[in-house]
Amino acid sequence: IMLHSTLALSLLLIAVSSNLAMAIKKEKRAPQTLSRGWGDEITWVQTYEEGLYQAKKSNKPLMVIHHLEDCQYCQALKKAFAENEEVQEMAQKNFVMLNLMHETTDKNLSPDGQYVPRIMFIDPSLTVRADITGRYSNRLYTYEPQDIPILIENMKKALRLIQTEL
């Protein structure tokens, strides 16, 4: 009996330690951050509702980026967005940031359709800024990698609007 219980206990310890080793290994992998590649130094909110709450609370505009993982235009914009120091710094310091891979129930966030990539700004009074658009008349809120200077201007415009409305 003693041999059996020792054997059983040994097997149990082996099973537990190998499970523990696998759990530790899993933890070492880079965590999937909310940035999804848009900027790991930026603090991202998880949901639109949380974004609205933080925008109101912090008196910062909310920037919502709609994108899809398998969209080549989104990938190209994401790369340009993540590599631009000015965008990254402004996003980190002056905005509540959210990137979504699904549509929200807020119809104000798709005034001209549910295309991606789409970047919209919501001010701290929780007004979707339809007056801050990119350069395309058929898809007002889309940006391409070469539109980063326009996006920077629009980020500055979103900040100015808040200062003038205080």
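In what order do the 3 strands of the open sheet lie, and is their pairing parallel, antiparallel or mixed? In this predicted model, the strands follow one another across the sheet as β2-β1-β3, and the pairing is mixed. The edge positions are taken by β2 (96–100) and β3 (118–122), each of which pairs on one side only. Averaged over the sheet and with direction ignored, neighbouring strands are turned by 15 degrees against each other. Between β1 (residues 62–66) and β2 the pairing runs in the parallel sense and comprises 5 bridges; within this pairing, Val 64 has Leu 98 of β2 as its bridge partner.

A search of the whole structure for aromatic contacts returns 2 pairs. For Trp 38 and Phe 81, the ring centres are 5.3 Å apart and the planes stand at 75 degrees, which exceeds the cut-off of 60, so the pair is classed as edge-to-face. Because Trp 38 lies in the loop between α1 (2–28) and α2 (48–58), whereas Phe 81 belongs to helix α3 (residues 72–83), this pair ties together parts that are 43 residues apart in sequence. Trp 38 and Phe 81 are both buried.

The rings of Phe 95 and Phe 121 have centres 5.9 Å apart and planes at 55 degrees, and the pair is therefore tilted. Phe 95 is located in the loop between α4 (85–94) and β2, and Phe 121 in strand β3, so that parts 26 residues apart in sequence are tied together by the pair. Phe 95 and Phe 121 are likewise both buried.

A contact between a charge and a ring is also found, in which Arg 118 lies over the face of Tyr 115 at 5.6 Å from the ring centre.

Key:
Residues numbered from 1 in each chain as written. Predicted model: local features only at pLDDT ≥ 70, side-chain atom pairs only at ≥ 80, totals over all residues. Heavy atoms only, no water. Pairing = 2+ DSSP bridges. Helix = DSSP H or I, 4+ residues; strand = E, 2+ residues; numbered from the N terminus. Axes fitted to C-alpha atoms, helices over the stretch in contact; angles between N-to-C directions. Phe/Tyr/Trp six-rings, centres within 6.5 Å; stacked < 30°, edge-to-face > 60°. Buried < 20%, exposed > 50% of the residue type's maximum accessible area, 1.4 Å probe, protein only. Lys NZ or Arg CZ within 6 Å of the ring centre and 35° of its normal.
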